[in-house]
2 protein chains.
Amino acid sequence: MKRDVFQAIADPTRRAIIALIAMQAMTPNAIAEHFDTSRQAVSKHLRILAECEVISQEQRGREIYYQLEVDKMREIDEWLEQYRRIWETRYEQLDEVLEVMKMRKPAEMQKPAR
Amino acid sequence: MKRDVFQAIADPTRRAIIALIAMQAMTPNAIAEHFDTSRQAVSKHLRILAECEVISQEQRGREIYYQLEVDKMREIDEWLEQYRRIWETRYEQLDEVLEVMKMRKPAEMQKPAR
DNA sequence: CAAGTATGCAACCAATCGGTTGCATATGTC
DNA sequence: GACATATGCAACCGATTGGTTGCATACTTG
C-alpha cells in the first residue's frame, strides 16, 4: 500500500508522536508511555510514519530510537506554498480596500467580493 | 463525527478539488467533470471539505458554487510553524559546520549528526 | 546459558472510508 | 404545468484503519 505524508499526519495520535520526538529521538516504549493505547498500537503508527519517511530509526543495542525527519515536513510546506500565495495576495487586496475606504464616507462602503 | 483539516487534506481527490477551486469557485458538476468518479462521490468529498470548513458554498439559483476558504489552509501553516523553526535552525547549524570545515583539512571532516 | 527486556509481526475485530446506484428535491425553461 | 437540470441524501459494499491480544525474535545481564 502506498501512503504519503498527508495520510501520515491525518491521525491525531501520529501528529502527537511527531510533536513528541521532534526535539529528541525516543524509543517506542518511551513514546507509548505518553499515550493510553497499547505499545503495539504505537508501534503500528511508528511503522506508518517510517513508511512515509516522516521518521527514521536508529538501532542502539536492543533499543530503537525514532526521530523526526524534518525535511519531510517541508514537503507539506511546499504543498502549502501555492495557497500561501493566495492568502497573501488576498490580504494585500484587503489592505488596498481598507485604504480606499478611508477616503470615502461610510455610506459608500461596499461589501468586498471576498 | 468530528473531522479536522488534516483529515480533509488526507485524500488525494480532495487535495485535487482544493487545487481546482482555489482560484475560482465552481459547481459540483463542473468539479466532477475533472474526475473519473461519479458526481455523487465528488459531492461526498465536498460535504467533508465543507464540514471541515475548508470550503464554503454560495447558492446561486439552482447552482451551488464552492470556493476555497484559504484561511483554513493557514491553520495547517500554523501547525507547521513549530517544525519550520526546527528545520531553519538545523540549516543554520549546518551552515556553521560547513563554515568550520572550511578551515580544516578534508581528512578531519566529520559526518554531520544528520 | 537462563531470565528479563525491547521490539516487531500476525491474526482478529469493529468502525470508517470512498465508491457505487437509486431516489428525492428544488430551480429553471418551454 | 411539464420537463430538464443541479444537487443532496440514503442504502449498500468492499477495502482500509486503528485498535486489540498473543507470540516470535533479538539483545542485555546475571
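**Exercise 1.** Sort the surface near DNA strand C by residue class.

*Solution.* Start with the classes: Ala, Val, Leu, Ile, Met, Phe, Trp, Tyr, Cys and Pro count as nonpolar, Asp, Glu, Lys and Arg as charged, and the others, Gly among them, as polar. Then sort: this surface holds four nonpolar, 11 polar and nine charged residues. Here, near means that a heavy atom of the residue lies within 4 Å of the strand.

Before you go on, note that this is a predicted model, where local features need pLDDT of at least 70 and side-chain atom pairs pLDDT 80 or more, while totals for chains, interfaces and linings use all residues. Residues are numbered from 1 along each chain, chains are lettered from A in the order written, and side-chain values use heavy atoms, without hydrogens and water.

**Exercise 2.** Find which part of DNA strand C lies 2.9 Å from a polar side-chain atom of B:Q40.

*Solution.* Look at B:Q40 first: its partner is a base oxygen. Next, take B:D11, which has a polar side-chain atom 3.4 Å from a phosphate oxygen of the strand. Finally, of the strand's atoms within 4 Å of the protein, 61% belong to sugar or phosphate and the rest to bases.

**Exercise 3.** Describe the contact between chain B and chain A.

*Solution.* First, count the residues with heavy atoms within 4.5 Å: chain B gives 27 and chain A gives 28. Next, count the salt bridges (a side-chain nitrogen of Lys or Arg within 4 Å of a carboxyl oxygen of Asp or Glu): there are four. One example joins A:D77 and B:R84 at 2.7 Å, N to O.

Notes: A polar contact is a pair of N or O atoms within 3.5 Å; within protein, one must be able to donate a hydrogen and the other to accept it, and residues adjacent in sequence count only if both atoms are side-chain atoms.
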